[in-house]
Amino acid sequence: MSEPEFEKIEHIETIKLPFMLDFYPLEDEKYTQISHFFENLKEGRLTTTKCKRCAKPLWPPRIVCPNCLSDELEWVDLGSEGELYAFTEMRLGAPLGFVQDVPFCIGIVKIGGLLISARIDNAKYDELKFGDRLQLKIVELEDGRMFYRFKKP
Amino acid sequence: MRKVAIVGGGATKCGKRKASWRDLVQEAGKAMFESLGNLSPKDVDSLIVGAAQPERFVFQAHVAPMVAEYLGVTPRKVIARTELMCASGQAAIRYAWACVATGLADVAVAFGVEKMFMPDMAEAQTNMTCVLDRKWDGINGLSAPPFFAMTAQRHMHEYGTTREQMALVSVKNHHYSSMNPLAQFQKEITVEDVLKSLVVTPPLNLFDCSGITDGAAGMILVPAEDAKKYTDAPMYIIGSGQASIGNAINNLASLTEWVPLKIAAKEALKFAKITLDDIDIAELHDCFTISEIIEYEAFGWCEKGEGGKFIEEGQSHIGGKVAVNPRGGLLGCGHPLGATAILQAMDILQQFKGEVPKGRLVSDAEIAVAHNLSGPANVHSIMVYSR
């Protein structure tokens, strides 16, 4: 008996990163009502929404205040200097899209009365301390999308 | 409300299985039905399936009907899938219980399944980054290990908890899982093993973290008045508590004091009309060593900040103040997300029957709690079971 022969079929072609594996948000006004956040980043400003009625700063930015249901929100600056509240370093188990950066530091940063998570650049875990002063660092993807990180000065 | 009994159940072995998601479902289903001599798949009128991320891990949605098909079950009252990430299985138990308690269902299956091993483990880790708010936290690489690493770091900073104390949680739970044939890890380890294991996200090492796990489990719930038709030793659901506060890091009540757990625990005890001292077994969600330490505190078995000392003194071992994770915990047994809560409940049922190996048997246990946290510890879910 001869070996059976099979028609070869194509399985997969090289595809661009699918949307569902892309960490960075689609950020212009076609996709989100908080596009100002990203436009502000382009101007070098880290901002969030604050409710005009109850004056609460909200993080993440949003379009409705969950405290009073007002949709009259304004963009406020959070400043460009933060304080390190907690930190770690990704050494094992990095997700796709982050593997090439290992090891990298992740922290929780106090800024503008908020606690936000962020990548901490220019830092090694063993050299970081609680309360370290951090500088805002704005990054741009190849396609022009913006995001923020912090860095050790 | 009708009182509800769990009359039987079954599970797969957990671990890195040479089995597909569909294989796991069938193995657990067979074990579940074979645990009872006189209940057939056709008797089941309702099915709730806990599954955290089948869309991501196995590229499959609409999974409850698929489980029903493989189990040979044809639900005619209620069918749905529950997702509450690491507590997805407990959500399935809670809704199956609610269905039977209200009379909506008479024979309900609470099932849980997760196939987590993927050809590229970085892809599995990617799935875990959409557990936290993906746009604002996951985007920073914040999956579970970095989040709980920072929780541990703050707890060490604020209360003086030590790496050795955290390691003791893993040592204890691996000790018990060494006597659990379903466990992913059946080898004893030492404090030194934990501290010398690979660093994942400092201060957490590999043995501070529960595993990536394949597994499935299911159990059968009926009204208490029908329970004796199926078994001489049913287990009853006598209480439940659940609470959720915030989601993004900024909106959590606290990193180190799990306020929603305190609320859920208080609610669960009130519901069950018991006190902490009545609890013989606590299956607590030890996804990371630090989790179990904070859970001792939030339940109130020890003071805030004293969780490290509590394990050091052996208070959470069998024979201590409360037997915590005599099954082996998530650290020892693995953590197949959707299946975990069902596996906890099944082991409690076996404890009540005295059918676990002597070395991890909690003699004459009457009351147990099973707890799961999910996400950045913003959600806490508790069930109370009694003999």
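**Pairing, packing and contact in a two-chain model**

Reader: What makes strand E1 and E2 of chain A a pair?

Author: In this predicted model, strand E1 (residues 47-51) of chain A runs antiparallel to E2(A), and the two are joined by two bridges. Strands pair if at least two bridges are found between them, so E1(A) and E2(A) meet the rule. Lys50(A) has Pro57(A) in E2(A) as its bridge partner. In the loop between E1 and E2 of chain A lies Ala55(A), a residue other than glycine whose phi is nonetheless positive, near 65°.

Reader: Which strands are called edge strands, and why?

Author: The sheet in question is open, with three strands in the order E2-E1-E3 (chain A) and antiparallel pairing. Strand E2 (57-58) and strand E3 (73-77) of chain A each pair on one side only, and they are the edge strands. A run of at least two residues counts as a strand, and therefore E2(A), at 57-58, qualifies.

Reader: What is known of the barrel in chain A, and how are E5 and E6 paired within that chain?

Author: Five strands form a closed barrel that runs E4-E5-E6-E8-E7 (chain A), with mixed pairing. Direction ignored, neighbouring strands are turned by 50° against each other on average. Strand E5 (residues 104-111) and strand E6 (residues 114-121) of chain A are antiparallel over seven bridges, and because at least two are required, the pairing satisfies the rule. Within E6(A), Ile116(A) stands opposite Val109(A).

Reader: Which helices pack on this sheet?

Author: Helix H1 (residues 35-42) of chain A does, touching strand E7 (133-140) and strand E8 (146-151) of chain A, and its direction makes about 55° with that of E8(A). H6(B) packs on the sheet as well, where it touches strand E4 (81-90) and E5 of chain A, and its direction makes about 115° with that of E4(A).

Reader: How do you know that chain B and chain A are in contact, and what is the area buried between them?

Author: Contact asks for heavy atoms within 4.5 Å, and because 36 residues of chain B satisfy this with 40 residues of chain A, the chains are in contact. The area buried between the chains is about 3,300 Å², and carbon and sulfur atoms give 64% of it. On the side of chain B, the residues that lose the most area to chain A are Trp136(B), Ile139(B) and Asn140(B), together 23% of what that side buries.

Reader: How many salt bridges and polar contacts cross this interface?

Author: The rule finds zero salt bridges between the chains, whereas 14 residue pairs are in polar contact, both residues being at pLDDT 80 or more. Helix H5 (121-129), helix H6 (144-159) and strand E5 (199-201) of chain B are the elements that give two or more residues to the side touching chain A, and H6(B) supplies the largest share, seven residues. By class, that side has 15 nonpolar, 12 polar and nine charged residues.

Reader: Why is the contact of H4(B) with H13(B) given the classes it has?

Author: The axes of helix H4 (residues 88-102) and helix H13 (residues 340-353) of chain B come within 5 Å and cross at roughly 65°. From H4(B) come Gly89(B), Gln90(B) and Ile93(B), and from H13(B) come Ala341(B), Ile342(B) and Ala345(B). Ala and Ile count as nonpolar and Gly as polar, and therefore the contact has four nonpolar, two polar and no charged residues.

Reader: Where are the cis peptide bonds before Pro103(A) and Pro203(B), and what are their omega values?

Author: The bond joining Val102(A) and Pro103(A) has an omega of about -5°, with Pro103(A) in the loop between E4 and E5 of chain A. For the bond from Pro202(B) to Pro203(B), omega is near 5°, and Pro203(B) is placed in the loop between E5 and strand E6 (204-205) of chain B.

Notes:
Residues numbered from 1 in each chain as written. Chains lettered and ligands numbered in written order. Predicted model: local features only at pLDDT ≥ 70, side-chain atom pairs only at ≥ 80, totals over all residues. Heavy atoms only, no water. Buried area = accessible area lost by both parts, 1.4 Å probe. Salt bridge = Lys/Arg side-chain N within 4 Å of Asp/Glu carboxyl O. Polar contact = N/O pair within 3.5 Å; in protein donor to acceptor, adjacent residues only side chain to side chain. Helix = DSSP H or I, 4+ residues; strand = E, 2+ residues; numbered from the N terminus. Axes fitted to C-alpha atoms, helices over the stretch in contact; angles between N-to-C directions.
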